[in-house]
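Reader: I have a structure in front of me and would like to go through it with some questions. Where should we begin?

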Amino acid sequence: GIWLQALPIATQSAWQRRFYCIRWVDRLAEQDLIVQPGGEQFPAFYQAWQRLRRQGRLTADSQHWQVLQVLAADWFQASPALHQAEIAAWDEYLAAIADYHRSPLIIDRLEDYEVMLDRLAGSCFQLLPDLPAHQRAIARQFGWVDQFYNNLRDLYEDAQQGVCYFPTEVLAEFGLTRQ
């Protein structure tokens, strides 16, 4: 994130808000999965997001979610029509988190892993601020690469938590197990 300091202040702020939202949601889902298994915080947040998306404004019972306040201000208060790509990407990202932050997560085939990479990281990289439409496809692919290397880097730590994102067929090909 040190490269953010080279950006104009207004641009830095947009990137910082977006990173905050992405990291916060990821941590919330991990908390429900690892820290307090079976927790209900992420599903409650996800429902509040869906209400914001449908109604275009925060309801009284959603005001306590600071992340939703940030997104409402960034995408819904000014001109939601200008932010449809980001809104759709955020919705796809949250749906992917709901699907893939579960235990046990078992991905059998390489094709299923590629779908996960696209849904999780591809949609996440669609959230980059000021991303022109003609760069969306390459940003999505960049997300795949980033997530793959994150999975590889965290393989040991994830296995200690009982999580393995790599497909069973690929692990078997190299004589590895999920453990």
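Author: We can begin with a salt bridge, keeping in mind that this is a predicted model. The side chains of Glu111 and Arg109 meet in a salt bridge, with N and O 3.5 Å apart.

Reader: Is Glu111 buried, partly exposed or exposed?

Author: Buried means under 20% relative accessible area and exposed means over 50%, with partly exposed in between. Glu111 has a relative accessibility of 42%, so Glu111 counts as partly exposed. For Arg109 the value is 41%, so Arg109 too is partly exposed.

Reader: Which residue forms a salt bridge with Arg109, the closest N and O atoms being 3.1 Å apart?

Author: A salt bridge needs a side-chain nitrogen of Lys or Arg within 4 Å of a carboxyl oxygen of Asp or Glu. The relative accessible area of the partner is 29%, so that residue is partly exposed. The residue that pairs with Arg109 at 3.1 Å is Asp112.

Reader: How many residues apart are Arg140 and Asp118?

Author: Arg140 forms a salt bridge with Asp118, and their closest N and O atoms are 2.6 Å apart. The pair links distant parts of the chain, with Arg140 in helix α6 and Asp118 in helix α5, and the separation is 22 residues.

Reader: Is Arg140 buried or exposed?

Author: The cut-off for buried is under 20% relative accessible area. Arg140 has a relative accessibility of 17%, so Arg140 counts as buried.

Reader: How many salt bridges does the count come to?

Author: Besides the pairs above, Asp26, Arg27 and Glu30 are linked in a network of salt bridges. By the 4 Å rule, the count of salt bridges comes to 11.

Reader: Which element gives the largest share of the lining of the largest pocket?

Author: The largest pocket holds about 980 Å³ of space. It is lined by 29 residues, and those closest to its centre are Asp26, Arg27, Glu30, Gln147 and Asn150. Two or more lining residues come from each of α1, α4, α5, α6 and α7. The largest share, 8 residues, comes from α1.

Reader: How many residues of that lining are nonpolar?

Author: The lining of the largest pocket divides into three kinds of residue. There are 9 charged and 5 polar residues, and the nonpolar ones number 15.

Reader: Why does Trp90 count as buried?

Author: Trp90 is found in helix α4. Its C-alpha is 7.0 Å from that of Ser123, although the two residues are 33 apart in sequence. Buried means under 20% relative accessible area. Trp90 is buried because its relative accessible area is 0%.

Reader: Which helix gives the largest share of the nonpolar patch?

Author: The patch covers about 500 Å² of surface and is made by Phe142, Val145, Tyr149, Leu152 and Leu155. One of these, Leu152, has a relative accessible area of 41%, so Leu152 is partly exposed. Leu152 has its place in helix α6. The largest share of the patch, 4 residues, comes from helix α6.

Reader: Is Asp130 buried or exposed?

Author: Asp130 is found in the loop between α5 and α6. Its phi is near 60 degrees, a positive value in a residue other than glycine. The relative accessible area of Asp130 is 63%, and exposed means over 50%, so Asp130 is exposed.

Terms used: Residues numbered from 1 in each chain as written. Predicted model: local features only at pLDDT ≥ 70, side-chain atom pairs only at ≥ 80, totals over all residues. Heavy atoms only, no water. Patch = residues over 30% accessible without salt bridge, like charges linked within 9 Å, V, L, I, M, F, W, Y side chains within 5 Å. Areas by Shrake-Rupley, 256 points an atom, 1.4 Å probe, with all protein chains shown as cover. Buried < 20%, exposed > 50% of the residue type's maximum accessible area, 1.4 Å probe, protein only. 1 Å grid on protein atoms, 1.4 Å probe; cavity = no way out; pocket = protein on both sides within 12 Å on 5 of 7 lines; lining within 4 Å. Points joined across faces, edges and corners; volume = space filled by probe spheres on them. Nonpolar A, V, L, I, M, F, W, Y, C, P; charged D, E, K, R; others polar.
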